[in-house]
Each structure stands twice: as structure tokens, then as C-alpha cells.
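Please read the following account alongside the sequence and the coordinates, moving from a pair of loop residues to the protein as a whole.

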Amino acid sequence: MGGLHAIPLSICITLLFAINGEAVTPRETLEIIIGVGAPSSPPPEFQDCPPPPPPPCPPPPSTKPPSRKPPPPPSPSLSPPPPPPPPSPRPPKPPQTPSPPGGFFDGFANMLQQRDFKVIQAFKNKVTSDPTGITKTWKGKNICDYQGFICDVVPDVKQRGIAGVNFNNRNLYGPNLTLTEFLTGLKDIAFFHANSNNFTGSIPADIGTLRYLLELDLSNNKFTGSFPYQVLHAKKLVFLDLRFNTFSGVVHPDVFLLDLDLLFINNNNFKQTLPESLGSTTALYLTLANNHFIGEISKSIGRAAKTLQEVLFLNNQLTGCLPYEIGLLKKSTVFDVGFNDLTGPIPHSFQCLEKMELLNLAHNKFYNEVPEAVCNLPELSNFTVSYNYFTQVGPRCRELIKKEILDVKMNCILDLPNQRSPTDCARFFSNLPSCPDKKSLTYIPCSKGYSSNDQLEASNVQWATPSPAPAPLWRSYGALSPN
């Protein structure tokens, strides 16, 4: 990464070298060395005799011009005199000494920081509004002291450079505040967090050249248009947050093929059915809430059983019945499909969700009983089925109601308060929606069998006495706030 290297030069007729800062060709070099680089003086001409005195005038010329005596030939034993030495060329400027490791490069700690300084200053010129004054600290050559930038040792070159950007909640603004040349100009960053700013435009197409980029947070900005397919080139991403923008259209299905731990695309304007690739996600935290997703939840979701911990589908336009494959999500702690248009009974497979802490089915069109085996889940601390059409709850579920763990208001349970009117319930059941695969609703994957009864008893599933559950973190719900 150091400076220029010295190149030894030899003064000979076959090499280029510089005279007074200009390149000299071999031909010009040859002329300099043999002394004929400049034209010789013209030979003297015959002249008329000068007027007297002092020397007497020569005799008048005859008709025959005077002859000059030729010079004697050179003696064969003598060598011609050597040509005059060529003018000494101006020595080239000495090359810059490479900077030693840890030294300075034009006032910077190293070339990495010099390069990143130029990128930062170019971006600074785009910022016209900076409410928190962060750009005021972007002065001088010690860029590791700039607010919003984090330095660390770049692995392959073992020098300190910009390793991360944290612009969260800075509200930076400019009429042309784009990521162009800025995001990919910081070539060694591992994370770029820019929640709550005013970025516009598109994500750079060459984002895949960022070899260390693991986290990209562009949430709560002013991005518009279709899904930013460019992120698919960033193969090392584990954290992708695009929430609270105005992206529209369809989500590229390959985004679920990225090796992500977290995928937040909530609070945009995506409208589509959920792709089959949904089940290929490796995400632990998946938030698709507050969009316009339609149709059924793909059965492929069961393929995410080894990773998926929290999934938020709430506030979309999803329809149909819940697939039994949801019961395969043995690691899930949060499942939220509130505020959709889903229907049918709760699949009996839900009793297999042994790590479930928060289960939200509110504001849909679910009906029949609330399964006792689901109420008996060992870690359940928040279970909401309000604003549906359930008609029955058993003793275990009633215990959860008393503990304010289960919310059943605005259903059709006759002996409980805060229920729908009989007229409302009768209207719904007069045109009851049905599920196409009814048998799957009674399948219990954790016991590899089917329930013979519509009503499951708590004794159908034997749980070990659970230890006290830790306070739920429910990280995905934080994504429902723009900041």
C-alpha cells in the first residue's frame, strides 16, 4: 500500500530518460551523446576587401577565382578527436519514499484512510441539512474520529480503515442525497446503518463488490420504485432492513434465498402472493407486516423449521386457511397473522409449537374452538384470538384468560363477556368459509398422527414441566416502529 518505488535509470542510447521534466526519445538521446543535438555554424563566405588602411589591398582579382589550398589529409595513424561530452541531463526527481507500516501518507495514517476521506468529503457536499451537526466533525485527516464512522483493521491489509457507518436517526437531507459512489466507495465496510434519513435514488448496482458487507439498514428513508434487486448481489449479507420506505410491486423471490439472519421489509407497498421461495429463508427474524400481501400463506414455510424464530405477517390481505406446516416451526417464539382475512379452525399442528411465546391470530375470521392443547403450550405468555368467530374454550384456556395471557374478546363464546352480538355470529355461520384440505387441519406432526376428534384435550400432548420462561424479547416487533 506504500508510495512510489524508485526505478534506476542508465544513461545510454537505448533508454528513455527525462531532461527538464520531458521525455527524451532514443533518437534525441543519440544526438545529445554525439554532440550534434544543435545545428553547426554556417561556413564563412568570401568577402570583399575592406577599405584601406591598415592592411594593403590585395591585388585585383583575376578572371580565374583564387584557389584555396586544401587541408592536408589526416594522418592514418591518428584517431579523430573525441566528440565533446553531452550536456549533463537534469537528474529525475527522486521517487517518494514508501510510507512504512503505521506511518503517514500525505498526512493520513495510510492510503485506505486517504481514499475514504475523499469519498466522505464528496458525500458531505451533498448534505444540505444536518440537524444533529454530525458533518461538522468531518474535518481533518483523522477520519477515525469522524462521528458516524467506525474504524477497524481491514483483514487482508492489516491497516485501519472505515469498517462501518452508523447514521441512524441523523435526518440528513440533500436534494440529491443518494448512495451512489458513497456506499460502494467505502470499500471495506462491514455494516451500513442509515435508519431515519432522507436517502433517495437506488441502491448501487455494484454493491456486490463490497467484500465484507454483512449488514444493510436503509429503513425509514425516501426510497421508491420496485424492490431493489441490487441487494441480491450482496451475497454476504446477514441483515437486510428495507422497512418504512415506499417500495412497491413484488418482492424478488430470490431475496428469500439469501443467507440472512434478519429480513425486514415491512411498511412498504408490496402487493403479491407469498412466493414458494418463502420456505427457503434462513432468517431467524422475518417481518413482512403492513404491506399488501394477498392469497394464502405458502405451505413451504415448514421448510424454515430449523431457523425461523419470529415471523410477522400482520396487517396484510392474506386469505385462506392456515397450513398445518406452521406447526413444524419448532424453534418459533413469535407468530403473528393479526389483521388479515384468514379463516378456518386453528390447525391442531399448532400444539407442536413448544417454544411459542407470542401467538397472535386476532382480527381474522377463524372459528370453532380454541384448542386446549395450544393453550397448554409451555412457554406461551401472550395468546390473542380477539375479533374472530370462536365459539368454545376449554378449562385450560379459561385459566389463561384469568391470567390475562389469552384474549378472546369479540368472538361468539356465549358465556363470556365482550363478545359479538348473536346476530353478527349467526350471519357469519350462515355462510361459513371452508378449508380445501380439512384432513390436514387435524394432522399433528410432532406425534406423526391425526387427531380423531375436532376438540383436542390437553392430555393429548404430554409436556415436561417447563422451567420459568425468560422475559420474551420479541425483536421483530421493534421493526414496527420506524426508528
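**Two phenylalanines in loops**

F244 counts as buried because its relative accessibility is 18%, which falls under the 20% that marks the limit for that class. The model considered here is a predicted one, and in it F244 sits in the loop that joins β8 (239-241) to β9 (246-249). The backbone of F244 also deserves attention, since its phi is near 55°, a positive value in a residue other than glycine.

A second phenylalanine can be described along the same lines. F339 is located in the loop between β16 (334-336) and β17 (341-344), and its phi, near 60°, is likewise positive although the residue is not glycine. Is F339 buried, partly exposed or exposed? With a relative accessibility of 44%, F339 counts as partly exposed, because this value lies between the 20% below which a residue is buried and the 50% above which a residue is exposed.

**The protein as a whole**

Turning from these loops to the whole protein, the secondary structure consists of five helices and 24 strands, with β8 and β9 flanking the loop of F244 and β16 and β17 flanking that of F339. The protein has 483 residues, of which 43% count as buried, and F244 belongs to the buried class. When contacts with a separation of 6 or more are considered, 54% of them in the protein are between residues 24 or more positions apart. The accessible surface of the protein, finally, amounts to about 26300 Å², and carbon and sulfur atoms contribute 57% of that area.

Key:
Residues numbered from 1 in each chain as written. Predicted model: local features only at pLDDT ≥ 70, side-chain atom pairs only at ≥ 80, totals over all residues. Heavy atoms only, no water. Helix = DSSP H or I, 4+ residues; strand = E, 2+ residues; numbered from the N terminus. Buried < 20%, exposed > 50% of the residue type's maximum accessible area, 1.4 Å probe, protein only. Contact = heavy atoms within 4.5 Å. Areas by Shrake-Rupley, 256 points an atom, 1.4 Å probe, with all protein chains shown as cover.
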